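Colleague: I'm new to this one and could use a guided tour of a single part. Could you take a close look at it with me once it's on the screen?

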Number of protein chains: 2
Amino acid sequence: MKKSAIIESLEWRYATKKFDSAKKVSDEDFNEILEAGRLAPSSFGLQPWKFVVITDPVLRETLKSAAYGQAQVTDASHLVVLTVRTDVDAKYVRTYVEKIAAVRKMSVDALKGFEDMMLGTITRMTVPQVVDWSSRQAYLALGFMLETAALKKIDACPMEGFDAVQCDEILDLKKQNLHALALMTLGYRGEDASAGYAKVRFGADEVILKK
Amino acid sequence: MKKSAIIESLEWRYATKKFDSAKKVSDEDFNEILEAGRLAPSSFGLQPWKFVVITDPVLRETLKSAAYGQAQVTDASHLVVLTVRTDVDAKYVRTYVEKIAAVRKMSVDALKGFEDMMLGTITRMTVPQVVDWSSRQAYLALGFMLETAALKKIDACPMEGFDAVQCDEILDLKKQNLHALALMTLGYRGEDASAGYAKVRFGADEVILKK
């Protein structure tokens, strides 16, 4: 079977440890990656995320410390902090319903059934459970951004190896009802030994069950 | 700015409610979508997921009941249950380390530092926390599968609206250390009123923060 361009891109990508700090991702490409995240699906379409783009070099240095000094944080062309909204509650649901009503030119009342369904789902969960649920949605958006980067042959390193509490403090995220989940660095690979490592994946027979 | 083909595909996609049950996704396309999930990144590369492909029509009917009768479950061309591994523990980490050693032709001993790092991360969490963490990774893989489907103009409906406990029972997942997270139906849209609805997304100024 001939390999598709998509699969070739996904095999090409890897968690880039060493970026070429001289090579910058263009604004157009960077915006396209963020746009892919913005367009990602989520449960009920609630989009419980924000993407925090860090351009201030001092802030990037500070975040590097919170990421145990990992060089990608400052060497990559771009740095985005994936955050989850911690305020997915009745008020947020109403804001979302109003957004739907505005976009689809309908009344908020006509959306009452949908609003009640969302509220029912949320109230069956504790607040930490809602945040966990929202976090899963944010990772789906991260998936869209990472695949889009790979398709454009832009390197990325998604990172969980950082102190999230410290990161929240550095970026003052708590006050904005946000919590840092992952860092996404983007750029172009440098002389990176790990680029040559064979990708390790369980076989299709190990991860796909048929019933 | 000219829209890229990727963004056009992501705008084209929507959670398809009504599939054309006569139109089938080809084996080649279906396998490519699963392959995108298999290649998805995950924390430490642990791949804490399995994709359960349901072809038995009786099983699909039973799962439709567990999904409150939603027609997509049986009308879509293909049905995949996204599951998370609930057994990401020292034994599983060792299995993964052995896989790396085999693929990269190194000794397991040479990977001790990496193995210890993974074990350190896991032992700092409770078992439910490990499952939550693993679930986020599985959603990243779901993102890869959904974006890949969209790029190929294959419709999809990711669904959380089902009884996961019942689904686990129907598929006997618990015994296999798996738990159902989401259903992914794939196929081609039928005469679907919701296909015409404008996509509702918060604006880039609302989901992207710059610092």
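How many bridges join strand β2 (residues 78-85) of chain B to strand β4 (residues 178-187) of chain B, and do they run parallel or antiparallel? Please take me through the surroundings of that pair too.

Modeller: Happy to, and keep in mind that this is a predicted model. Eight bridges hold β2(B) and β4(B) side by side, and the two strands run antiparallel. If you want one spot to find on screen, go to B:T83, whose bridge partner in β4(B) is B:A180. As background, strands of a sheet pair through backbone hydrogen bonds, in either a parallel or an antiparallel way.

Now zoom out to the sheet around that pair. Five strands make up an open sheet, and reading across you get β5(A)-β1(B)-β2(B)-β4(B)-β3(B), with mixed pairing. Notice the chain letter on β5(A): that strand comes from chain A. The edges are taken by β5 of chain A and by β3 (155-159) of chain B, each of which pairs on one side only. From one strand to its neighbour the sheet turns by 25° on average, ignoring direction.

Follow the sheet out to the β5(A) edge. There, β5(A) is joined to strand β1 (residues 49-54) of chain B by three bridges, and these two run parallel. To see them lined up, look for A:K210, which stands opposite B:V53 in β1(B).

Back in the middle of the sheet, pick out B:L82. Skipping its neighbours within four places in sequence, B:L82 is in contact with B:W49, B:F51, B:A138, B:L142, B:L181, B:A182 and B:M184. B:L82 also stands out in the largest nonpolar core, which has 97 residues: A:L82, A:L142, B:L82 and B:L142 are the ones that touch the most other members.

What lies over the sheet? That would be α7(B), which lies across β1, β2, β3 and β4 of chain B and runs at about 155° to β2(B). This helix, residues 127-151, also has a helix partner: its axis and that of helix α2 (residues 27-39) of chain B come within 7 Å and cross at roughly 150°. The crossing is right-handed. From α2(B), the residues involved are B:E32, B:I33, B:A36 and B:G37, and they meet B:A141, B:F144, B:M145, B:T148 and B:A149 of α7(B). Sorted by class, that contact has six nonpolar, two polar and one charged residues.

Chain A gives you a chance to go over the layout again. Its open sheet of five strands reads β3(A)-β4(A)-β2(A)-β1(A)-β5(B), once more with mixed pairing. Here β3 (155-159) of chain A and β5 (208-210) of chain B stand at the edges with a single partner strand each, so one side of each is left without a neighbour in the sheet. The twist from one strand to the next averages 25°. β1(A) and β5(B) pair in the parallel sense over three bridges, and A:V53 stands opposite B:K210 in β5(B). For the helices, the axes of α2(A) and α7(A) come within 7 Å and cross at roughly 150°, in a right-handed crossing.

With strands passing between chains like this, have a look at the contact between the chains as a whole. Chain A puts in 58 residues and chain B puts in 58 residues. On the chain A side, the elements giving two or more residues include α1 (5-12), β1 (49-54), α5 (90-103) and β5 (208-210). The most comes from α7(A), with twelve residues. By class, that side has 34 nonpolar, eight polar and 16 charged residues.

To put the close-up in context, here's chain A overall. Its secondary structure comes to nine helices and five strands, and its C-alpha trace spans about 55 × 50 × 30 Å along the principal axes. Buried residues make up 43% of its 211 residues. Of the contacts in chain A between residues at least 6 apart in sequence, 82% join residues at least 24 apart.

One last stop in chain B is B:E169, which sits in helix α8 (residues 164-170). B:E169 counts as partly exposed because 13 other C-beta atoms lie within 10 Å.

Technical notes: Residues numbered from 1 in each chain as written. Chains lettered and ligands numbered in written order. Predicted model: local features only at pLDDT ≥ 70, side-chain atom pairs only at ≥ 80, totals over all residues. Axes fitted to C-alpha atoms, helices over the stretch in contact; angles between N-to-C directions. Helix = DSSP H or I, 4+ residues; strand = E, 2+ residues; numbered from the N terminus. Left-handed = near helix turned anticlockwise from the far one by under 90°. Contact = placed C-beta atoms within 7 Å. Nonpolar A, V, L, I, M, F, W, Y, C, P; charged D, E, K, R; others polar. Core = buried A, V, L, I, M, F, W, Y, C linked by C-beta atoms within 7 Å. Buried ≥ 20, exposed ≤ 12 C-beta atoms within 10 Å, placed from the backbone. Pairing = 2+ DSSP bridges.
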